[in-house]
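I opened this entry to keep track of what I looked up in one model, going from the sheet to the helices and then to single residues.

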Amino acid sequence: MRTDSSPGNLPAREHLPAAVAGTPVLDVVIPVYNEEKDLQPCVVRLHEHLKRTFPYPFRITIADNASTDTTPQVSSRLAAQLPEVKAFRLEQKGRGRALRTVWSSSDAPILAYMDVDLSTDLNALLPLVAPLISGHSDLAIGSRLARSSRVVRGAKREFISRSYNLILRGSLQARFSDAQCGFKAIRRDVAQVLLPLVEDTGWFFDTEMLVLAERAGLRIHEVPVDWVDDPDSTVHIVKTATDDLKGVWRVGKALATGSLPLDRLTRPFGDDPRDRDIEDVPRGLARQLVGFCVVGGLSTLFYLLLYSAFRTFGGSQTANALALLVSAIANTAANRRLTFGVRGRGGAVRHQAQGLVVFGIGLALTSGSLAALGAATSDPAHSTELAVLIAANLAATVLRFLLFRAWVFPDRREADARSTVVASHTPSAPVYATAQAAQHSGGPYAPLPQRRPEQQQPYPAPHDSTPYDPTPYDPTLFRAGEAADGTWRDATMRLQPTRPYDTDPGDSR
């Protein structure tokens, strides 16, 4: 994965100011490869739509990535005919490479792209970019899988699309609904920091960008779209699906090892609730249960293999005890890291000791089952022993999960509720007036607080010619969050528990 240096942490989102003369607010990129037939009607239709409906200056950039037909000539002709159209030529193939190159060099604050077939209804373009212009969101995507979307396509593509998104949700814990819809937008300040971390240059570019943005806590806005499948699409489904699965494995491995510096993408505290650095938030029961079942299934298989190996040179009780001991240590370590999200070495010995207690309970259940089987028959078959052990281990597994969740790796919110919580800084009280101010006002109620004139940000009033006359600044009046010296500070308290959870500072998640 790329670990290139980037400009640094993102500032707080703000509504985009009025565009500078000659600078477009929106740059729509159309990546093409051998699209000599569809390119001109696509660009003309998009240009007419933006001219008629889009209230800001715009640009359409044709990103030709190594076409071998007359696509470059068509692009040049369109750029000469339409002043808002720009042609860009790359000598290498790859949709991701084309988007990265054009977006990295664009001066527009909002960057978007769409497929040349215009399968997505263009009426969704303004709702797509509006949250980015207003400062509400960092990225925006069109979704064909939202409930209110209207989609016309074959059963094969529908099945592949939904299966792919289920894979993303199961393997990378993605929360966005549609990764591959060719209808997306991103703020330029976000792109400058995010794109250096995206490695793929093909069709997986979209997915990797969204996964990294989501893991970093950036806000992704989804727009339901009306979408009609293009039957003449040149996308090779099998090759694209194979490359996507390879990309899922690569990104998942990078996220698991913590090799991605996602902290570069964080925004200031308080800007986005998902960005708040709140520790000790345990994962939900459903997620823990799924992780525990996966680890438990693998541990059971490991246990059976060990039991079969130890049984060749020892009795059933000895083989069961040894196999259960080794698999219990591995099971505790795997659940500690994967199921309950505990990282670092802190508390590892204590967790293993508690896991051995849980192991003892499981040993009692399985040994008791073997003893009952031995009492029932003097020479049980090996397959019968395995069946009895599987049933006993299922019961022990349920008990193990309950003990892990309630005792070994408890919910930290319940534990911290009994501990002292301190604030990292004490905010100033929301005092709006002092006694001196009350005397100036002639009564017990002080006037509304005002900023100093130099702190005011006057806006032009086109329909009112009366000059703005701010109230003289009174140093005894200040708002909540404003210090007595007139400076403004964040009055939000960041709570830090006195007993932090066992986490590794080097882990970015």
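These are my notes on the predicted model shown above.

**Sheet**

I began with the strand order, and found an open sheet of seven strands that runs β3-β2-β1-β4-β7-β5-β8, with mixed pairing. Strands β3 (85–90) and β8 (220–224) stand at the edges with a single partner strand each, so one side of each has no neighbour in the sheet. I also noted the turn between neighbouring strands, which is 20° on average when direction is ignored.

For one pair inside this order I looked at the details: β1, residues 26–32, and β4, residues 110–114, pair in the parallel sense over four bridges. Within this pair, L26 stands opposite I110 of β4.

**Helices on the sheet**

Next I asked which strands helix α2 touches where it packs on the sheet. Helix α2 (residues 71–81) touches β1, β2 (58–65) and β3, and its direction makes about 155° with that of β3. Helix α3 (residues 95–105) also packs on the sheet, where it touches β1, β2, β3, β4 and β7 (183–187), and its direction makes about 150° with that of β1.

**Helix α3 against helix α7**

I then followed α3 to helix α7 (residues 205–215), and found that the two axes come within 9 Å and cross at roughly 60°. That angle makes α3 oblique to α7. On the α3 side the contact is made by R95, G96, L99, R100 and W103, and on the α7 side by F205, D206 and M209. By character, I entered four nonpolar, one polar and three charged residues for this contact.

**Cysteines**

How many disulfides does the model contain? The count comes to zero. I looked up two cysteines for their exposure: C42 is buried, with a relative accessible area of 3%, and C181 is buried as well, with a relative accessible area of 0%.

**S143**

Is S143 buried or exposed? S143, which is found in strand β5 (residues 139–143), counts as buried because its relative accessibility is 0%, where the cut-off for buried is under 20%. Leaving aside neighbours within four places in sequence, S143 is in contact with S149, S177, D178, E222, V223, P224 and V225. I also noted a distance along the chain and in space: S143 and D226 are 83 residues apart in sequence, and their C-alpha atoms are 8.9 Å apart.

**Q354**

Q354 has its place in helix α11, residues 348–376, and is buried, with a relative accessible area of 11%. When neighbours within four places in sequence are left aside, Q354 is in contact with W407 and V408.

**Positive phi values**

Before the last lookup I reminded myself that most residues other than glycine have a negative phi. N34 is not a glycine, yet has a positive phi of about 55°. N34 lies in the loop between β1 and α1 (39–53), and counts as partly exposed at 28% relative accessibility.

Where does Q173 have its place? Q173 is in the loop between α5 (155–171) and β7, and its phi is near 55°, a positive value in a residue other than glycine. At 29% relative accessibility, Q173 counts as partly exposed.

Note on methods:
Residues are numbered from 1 along each chain as its sequence is written. This is a predicted model: local features need pLDDT of at least 70, side-chain atom pairs count only at pLDDT 80 or more; totals for chains, interfaces and linings use all residues. Side-chain values use heavy atoms; hydrogens and water are left out. A disulfide is a pair of cysteine sulfur atoms within 2.5 Å. Buried means under 20% relative accessible area, exposed over 50%, partly exposed in between (1.4 Å probe, protein chains only). Two strands pair if DSSP finds at least two bridges between them. Helices (H or I, at least four residues) and strands (E, at least two) are DSSP runs, numbered from the N terminus. Axes are lines fitted to C-alpha atoms, for helices over the stretch in contact, and angles run from 0 to 180 degrees between N-to-C directions. Contact means heavy atoms within 4.5 Å. Angles under 35 degrees count as roughly parallel, over 145 as roughly antiparallel, 65 to 115 as roughly perpendicular and the rest as oblique. Ala, Val, Leu, Ile, Met, Phe, Trp, Tyr, Cys and Pro count as nonpolar, Asp, Glu, Lys and Arg as charged, and the others, Gly among them, as polar.
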